[in-house]
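Here is a quick walk through this fold, taking the sheets one at a time and then the main pocket. Have the model open alongside as you read.

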Amino acid sequence: MNVIRASALGYCAGVRRAVDIALREAAAPQKVYTAGPLIHNPVALETLKMRGIEILEEDADAPRAAQGAVVVIRAHGVTPRTDSRLRDRGFRIADASCPKVKRSQTLARKLSEAGVRVFLAGEKRHAEIVGIQGYASGGIVVESAHDALEGARILFAEYPAAETAVIAQTTLAAEDYAAICGALQMVFPRITIYNTICSATRERQNALRALCEKVDAIIIAGGRNSANTQRLVAVARAACSMSGEATGGAAGAGKPVVLVENAREMPEAFLRGAYAAVGLSAGASTPDEVIDEIERTLLSSGDAG
Ligand code: SF4
């Protein structure tokens, strides 16, 4: 069996940096927490737990810090309120917010201080959007073009001369952002559009599309609760003209696309070497060890077959 990795896969620069910062902090004797789960991957979370890193749920009342305890802020960032609440409780902050997310936060704050009404295109409950919203007083979160039109009309009814701008969640699909911006422009034709989408997501999706053409089956490694991993599955399904459940194995027409969280979940067809060439991709929160182990399992089962 031949296993081909996508040319871009796994940890993006922001997530890799956040994990590195957390592990570096955990190497010292102090107690280390993360503000919410650092990463949407069960294997990575287990590894962090084994290093003694605990999760502080943001909504919960943070305990008062033990002497020298540190809280690592994850790549998605947090609101300024969460940041100061943690400092007030006595924690030292290790800020692992992705620099690209930081830029969106700074932009939101500057615009908002200048009296600009800011639309935030993205998922209302996503930590990154919640964090940026904390910097944009009166920021309006819109999840779709429909949402955007409605939100813009409500704002226009109250402030027809409002100066407006829109910022995207870094992982938003370009097509979705274009649709949202188009809807906003119908009401506020002079709205300033900021392109804050990160190329990491698109690079992984494009690499996967190219890979689908070269192989007989695709394995996507990642957490089922990871939005970007699920998006990779959808991209592969479309590229492989797959019907049926993406996570259910090889049923249906086209090339099979299977999501696995770890090597133990590898479907039997892959283990018996049913496919001559298997493509491997992974979500932005999938640890290198998981990708390596899956690749090893595929290669050894191919040998066995
Ligand atoms: S996807 Fe991009 S913006 Fe988001 S954490 Fe990764 S590098 Fe940063």
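Leu120 sits opposite Val141 of strand 7, in a model that is predicted rather than experimental. The two strands involved are strand 6 (residues 117-121) and strand 7, which pair in the parallel sense over 3 bridges. Zoom out a little and you'll find an open, parallel sheet of 4 strands, ordered 7-6-8-9. Its edges are strand 7 (140-142) and strand 9 (192-193), each of them paired on one side only. Helix 4 packs on this sheet, where it touches strand 6 and strand 8 (164-168). The direction of helix 4 makes about 170 degrees with that of strand 8.

Now for another sheet. This one is also open, with 4 strands in the order 1-12-10-11 and parallel pairing. Strand 1 (2-5) and strand 11 (257-260) are the edge strands, each pairing on one side only. On average, neighbouring strands here are turned by 25 degrees against each other, direction ignored. Strand 1 runs parallel to strand 12 (residues 277-282), joined to it by 4 bridges, and Val3 stands opposite Val278 in strand 12. Which helix packs on this sheet, touching strand 1, strand 10 and strand 12? That's helix 8, whose direction makes about 155 degrees with that of strand 10 (217-221).

Side by side, the two sheets look like this:

| Strand order | Edge strands | Packed helix and angle |
|---|---|---|
| 7-6-8-9 | strand 7 and strand 9 | helix 4, about 170 degrees with strand 8 |
| 1-12-10-11 | strand 1 and strand 11 | helix 8, about 155 degrees with strand 10 |

Helix 8 turns up again at the largest pocket, giving the most to its lining with 6 residues. The space in that pocket is about 990 Å³. Its lining counts 48 residues, and those nearest the centre are His40, His76, His126, Ala127 and Glu128. Several helices supply at least two lining residues each, among them helix 1 (13-26), helix 4 (99-113) and helix 8 (199-212). What is the mix of residues in the lining, by nonpolar, polar and charged? The split is 17 nonpolar, 17 polar and 14 charged.

As for the whole chain, its secondary structure comes to 11 helices and 12 strands. The C-alpha atoms fill a box of roughly 65 × 55 × 25 Å along the principal axes. The radius of gyration is 22 Å, which agrees with a compact globule, because one of 305 residues would come out near 19 Å.

Methods:
Residues are numbered from 1 along each chain as its sequence is written. This is a predicted model: local features need pLDDT of at least 70, side-chain atom pairs count only at pLDDT 80 or more; totals for chains, interfaces and linings use all residues. Side-chain values use heavy atoms; hydrogens and water are left out. On a 1 Å grid over the protein atoms alone, a cavity is a set of points where a 1.4 Å probe fits but cannot get out, and a pocket is an open set with protein on both sides within 12 Å along at least five of seven lines; lining residues have an atom within 4 Å of a point. Grid points are joined across faces, edges and corners, and a volume is the space filled by probe spheres set on the points. Ala, Val, Leu, Ile, Met, Phe, Trp, Tyr, Cys and Pro count as nonpolar, Asp, Glu, Lys and Arg as charged, and the others, Gly among them, as polar. Two strands pair if DSSP finds at least two bridges between them. Contact means heavy atoms within 4.5 Å. Axes are lines fitted to C-alpha atoms, for helices over the stretch in contact, and angles run from 0 to 180 degrees between N-to-C directions. The radius of gyration is taken over C-alpha atoms; the globule rule is 2.2 Å times the number of residues to the power 0.38.
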